[in-house]
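I opened this notebook page to record what I looked up in the structure, entry by entry. My plan is to begin with the surface, go on to the strands and their charged side chains, and finish with the overall layout.

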Amino acid sequence: MTFNDIFKSGFLENITEFSAVDTLIGMLFTLVIGLFIFAVYKKTFNGIMYSSGFALALVGLSLVTTLVIMAVTSNVVLSLGMVGALSIVRFRAAIKEPMEIVYLFWAIAAGIVIGAGMIPLGVIGSVMIGVILLVFANRKVHENPYILIMNCHDEEAETAALSMAKETLKKFQVKSKTVNESGIELTAEVRLKDEATSFVNGLHGIEGVENVTLVSYNGEYMA
């Protein structure tokens, strides 16, 4: 059999039976699971700034993946063309949180499984993943860390500020110290008592302390 015989046989033009009902059912199940992923992501998000665009992209990614898999499984030529097309696509969106990778793979996997016709596997697997993420997210220690930045005029002001900070804070750990002609800059990781931030006013009231800044800490310290 030559290469021309393969084309004449119509093998590459073979298209499996297309069912509008099956397609609609698959897309509806994908939509439900995508919305479930959206809700779990919103519930477990603990970063600095919530991105509604990324959360919505999870729903769209599930639907698009299901559509692609349905097309691939129905046409041999289309499957080869999509493999070639997708191989040249490059995504350069920055991943800000490690957990975002989990949600991206979850959305893609759910779309692939449902697109392949394994709806029970997609539903049961997604429910299990969602429950596990929710359980571990709720078991976290809800103690928000902060970064405290102080600018002191001299060493005497620094000593007084450190003494007061250690007395009023639950945790105080110096991360960096910069000394220059303008004074001393201290950066420390702190944990508050009862989430009270009034100690910042007391630190600023110390003679020789010029500026005091308290910012939320996302767990990634950069010196």
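Does Glu 155 count as buried or exposed? I looked up its relative accessibility, found 58%, and entered Glu 155 as exposed, because exposed here requires a value over 50%. I note at the outset that the model is predicted, and that every value on this page is to be read with that in mind.

Entry on the negative patch. I looked at what surrounds Glu 155 on the surface and found that it gathers with Asp 154, Glu 156 and Glu 207 in a patch of negative charge. For the secondary structure I noted that Glu 155 is found in helix α7, which covers residues 155-168.

Entry on the nonpolar patch. I then looked up a second surface patch, this one nonpolar, and found that Val 127, Val 131, Ile 132, Val 135 and Phe 136 make it, with an area of about 450 Å². I took Val 127 as my example and placed it in helix α6, residues 119-138. Its relative accessible area is 42%, so I entered Val 127 as partly exposed.

Entry on the strand pair. I turned to strands β2 (residues 171-180) and β3 (residues 183-191), which pair in the antiparallel sense over nine bridges. The connection from β2 to β3 is a hairpin, made through two residues. To fix the register I looked up Lys 171 and found that its bridge partner in β3 is Arg 191.

Entry on the salt bridges. I asked myself how many salt bridges the structure holds. The count is four, and I followed up those that involve Glu 189, beginning with Lys 171.

Lys 171 forms a salt bridge with Glu 189, and the closest N and O atoms of the two are 3.8 Å apart. This pair links distant parts of the chain, since Lys 171 lies in strand β2 and Glu 189 in strand β3, 18 residues apart. I compared the burial classes of the two partners: Lys 171 has 32% relative accessibility and therefore counts as partly exposed, whereas Glu 189, at 7%, counts as buried.

The side chain of Lys 175 also meets that of Glu 189 in a salt bridge, with an N to O distance of 3.4 Å. Here too distant parts of the chain are linked, with Lys 175 in strand β2 and Glu 189 in strand β3, 14 residues apart. Lys 175 has a relative accessible area of 29%, so I entered it as partly exposed.

Arg 191 forms a salt bridge with Glu 189 as well, the closest N and O atoms being 3.5 Å apart. At 18% relative accessibility Arg 191 counts as buried, because the class takes in values under 20%. Through shared partners, these salt bridges join Lys 171, Lys 175, Glu 189 and Arg 191 into one network.

Entry on the overall layout. I closed by looking up the whole protein, which has eight helices and four strands. Read along the sequence, I wrote down the pattern α-α-α-α-α-α-β-α-β-β-α-β. Of the 223 residues of the protein, 30% count as buried; among the residues I looked up, Glu 189 belongs to that class, and Arg 191 does too.

Conventions:
Residues are numbered from 1 along each chain as its sequence is written. This is a predicted model: local features need pLDDT of at least 70, side-chain atom pairs count only at pLDDT 80 or more; totals for chains, interfaces and linings use all residues. Side-chain values use heavy atoms; hydrogens and water are left out. Patches are made of residues with over 30% relative accessible area and no salt bridge: like charges are joined within 9 Å, nonpolar side chains (Val, Leu, Ile, Met, Phe, Trp, Tyr) within 5 Å. Accessible areas come from the Shrake-Rupley method with a 1.4 Å probe; for residues, only the protein chains shown count as cover. Lys and Arg count as positive and Asp and Glu as negative; His and the chain ends are not counted. The place of a charge is taken as NZ of Lys, CZ of Arg, CG of Asp or CD of Glu. Buried means under 20% relative accessible area, exposed over 50%, partly exposed in between (1.4 Å probe, protein chains only). Two strands pair if DSSP finds at least two bridges between them.
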